Amino acid sequence: MAGTAGAPAPLKILLVRVSSLGDVLHNLPMVADIARHFPDATIDWVVEEGYTSLVRLNPRVGAIFPFALRRWRKSLGKKETRAEIAAFFRKLRQTRYDYVFDTQGLLKTGIIMGAARLAPGGHKVGLANGSEGSGYEGISRLFHSKSIPLNPRTHAVARGRLVAAAALGYTVDAPADFGLPELPPGAPRPDWMGDEPYAVYFHGTARDAKKWAPANWIALGQALAPMPILLPWGSPKEKAEAELLAASLPNARVLPKLSMSDATLLARQASLVIGVDTGLTHIAAAFLRPTVEIYADSPLWKTEGNWSPRIINLGDKGSPPDVAQVLAAARQLLAEYHPA
């Protein structure tokens, strides 16, 4: 389609990556890649409503379509819910896209892709295969006009980047850029954060096997004292775990329940982040905060923070790091990026 004076019109692109938190985050570098090669492109996104605040932080993302399946499925029989679903698809179909990318590869994301409208000559592009251990659903390929095959051991950040590059005709040749701006100096802090430089423990995760032993967290916190350690939580079980750690660490404080925006701010302002393989740890790494990622029961190759020297990855599936390793990494990052 021609633009002004016969020049090609700017591309209109839709990204479909609805969940989970870490996966949405790992999809963000697609935006910077596309924008670098097509500066005038419009890049819209369909995402689960709970993660819109994260995607909105990237100034290159245009329209955001909140997808509320987690909430809708609880009340599908209600007229109001059905009306909301219809409104979602009606709004989605108001724009014709040159490219629609589904980088999640599920039936639900395929249905969203199928509902999106294409401009003449447009393409719907997705994954031809999943990665090892992923929940990829092959039926999603029914909605593609192009399916891009990838090595099953491709890093989570690289997958979306490589799919877009193959479809749009460029090469991935730069470190991952999440497009997340730094806070201005002197940005105000909420009362629960305090004014001192702090470390944060992202100790909680849905799968117990991915956790690090409480005794390890306590020994680490004692060695880092008197540096304040902030302990967030996302469920009653995680709150109890945080309270257990705080009872043995006078320099630790259990935080109130945080919204997604506040949890992101917590990661964004931290002087040091230590966390297991979970979305909030990866958010800290994406903001280039000094971060130690602990792997206990998930493969390192899949999500390790490999885009900055401010990120140190320790452990691997079945071999979590010990306290000495994590402490050495933490002290190295503090010395390099927050010298006394």
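**Group meeting talk: a sheet, a helix and some rings**

Hi everyone, let's start with one pair of residues: Leu231 stands opposite Val254 in strand E9. Before going on, please keep in mind that this is a predicted model.

So which strands are we looking at? Strand E8, residues 229–231, pairs with E9 in the parallel sense, over three bridges. Zooming out, those strands belong to an open sheet of six, with parallel pairing and the order E9-E8-E7-E10-E11-E12. At the edges sit E9 (252–254) and E12 (311–315), each of which pairs on one side only. On average, neighbouring strands in this sheet are turned by 20 degrees against each other, ignoring direction.

What packs on the sheet? Helix H9, residues 236–247, does, and it touches E7 (199–202), E8 and E9. The direction of H9 makes about 155 degrees with that of E9. Then there is helix H11, residues 279–286, which lies across E7, E10 (272–276), E11 (291–295) and E12. H11 runs at about 145 degrees to E11.

While we are at H11, have a look at the loop between H11 and E11, where you will find Leu288. Leu288 is not a glycine, yet its phi is positive, near 60 degrees. Is Leu288 buried or partly exposed? With a relative accessible area of 36%, Leu288 is partly exposed.

Two cis peptide bonds next, for those of you who like to check omega. One runs from Ser19 to Ser20, with omega near -10 degrees, and Ser20 is in the loop between E1 and H1. Another goes from Ala225 to Pro226, with omega near 10 degrees; Pro226 is in the loop between H8 and E8.

Now over to helix H7, residues 156–168. Does the geometry add up, or what span should we expect from 13 residues? At 1.5 Å a residue, H7 should span 18 Å, and the end C-alpha atoms are 19 Å apart, which agrees. The buried residues of H7 include Val157, Arg159, Arg161, Val163 and Leu168. Yes, you heard two arginines in there! The partners that these buried residues pack against are strands E1 (12–16), E4 (96–102), E5 (117–127) and E6 (146–148), together with helices H1 (21–27) and H2 (29–37). Right after H7 comes Gly169, with a positive phi near 85 degrees.

On to the rings. How many aromatic pairs does a search of the whole structure find? Eight. One of them is Phe67 with Trp72, an edge-to-face pair at 5.5 Å centre to centre, with 85 degrees between the planes. Phe67 and Trp72 are both buried, and they form one aromatic cluster with Phe88 and Phe89.

Phe178 and Trp307 also form a pair, this time tilted: 4.8 Å centre to centre and 55 degrees between the planes. Phe178 lies in the loop between H7 and E7, and Trp307 in the loop between H12 (300–303) and E12, so this pair ties together parts that are 129 residues apart in sequence. Phe178 is buried, at 2% relative accessible area, and Trp307 is buried as well, at 11%.

My last stop is Thr205, in the loop between E7 and H8 (214–224). Thr205 is buried, with a relative accessible area of 8%. What does Thr205 contact, leaving aside neighbours within four places in sequence? Lys210, Lys211, Glu238, Val276, Asp277 and Thr278.

That's my tour, and thanks for listening!

Note on methods
Residues numbered from 1 in each chain as written. Predicted model: local features only at pLDDT ≥ 70, side-chain atom pairs only at ≥ 80, totals over all residues. Heavy atoms only, no water. Pairing = 2+ DSSP bridges. Helix = DSSP H or I, 4+ residues; strand = E, 2+ residues; numbered from the N terminus. Axes fitted to C-alpha atoms, helices over the stretch in contact; angles between N-to-C directions. Contact = heavy atoms within 4.5 Å. Expected span 1.5 Å × (residues − 1). Buried < 20%, exposed > 50% of the residue type's maximum accessible area, 1.4 Å probe, protein only. Phe/Tyr/Trp six-rings, centres within 6.5 Å; stacked < 30°, edge-to-face > 60°.
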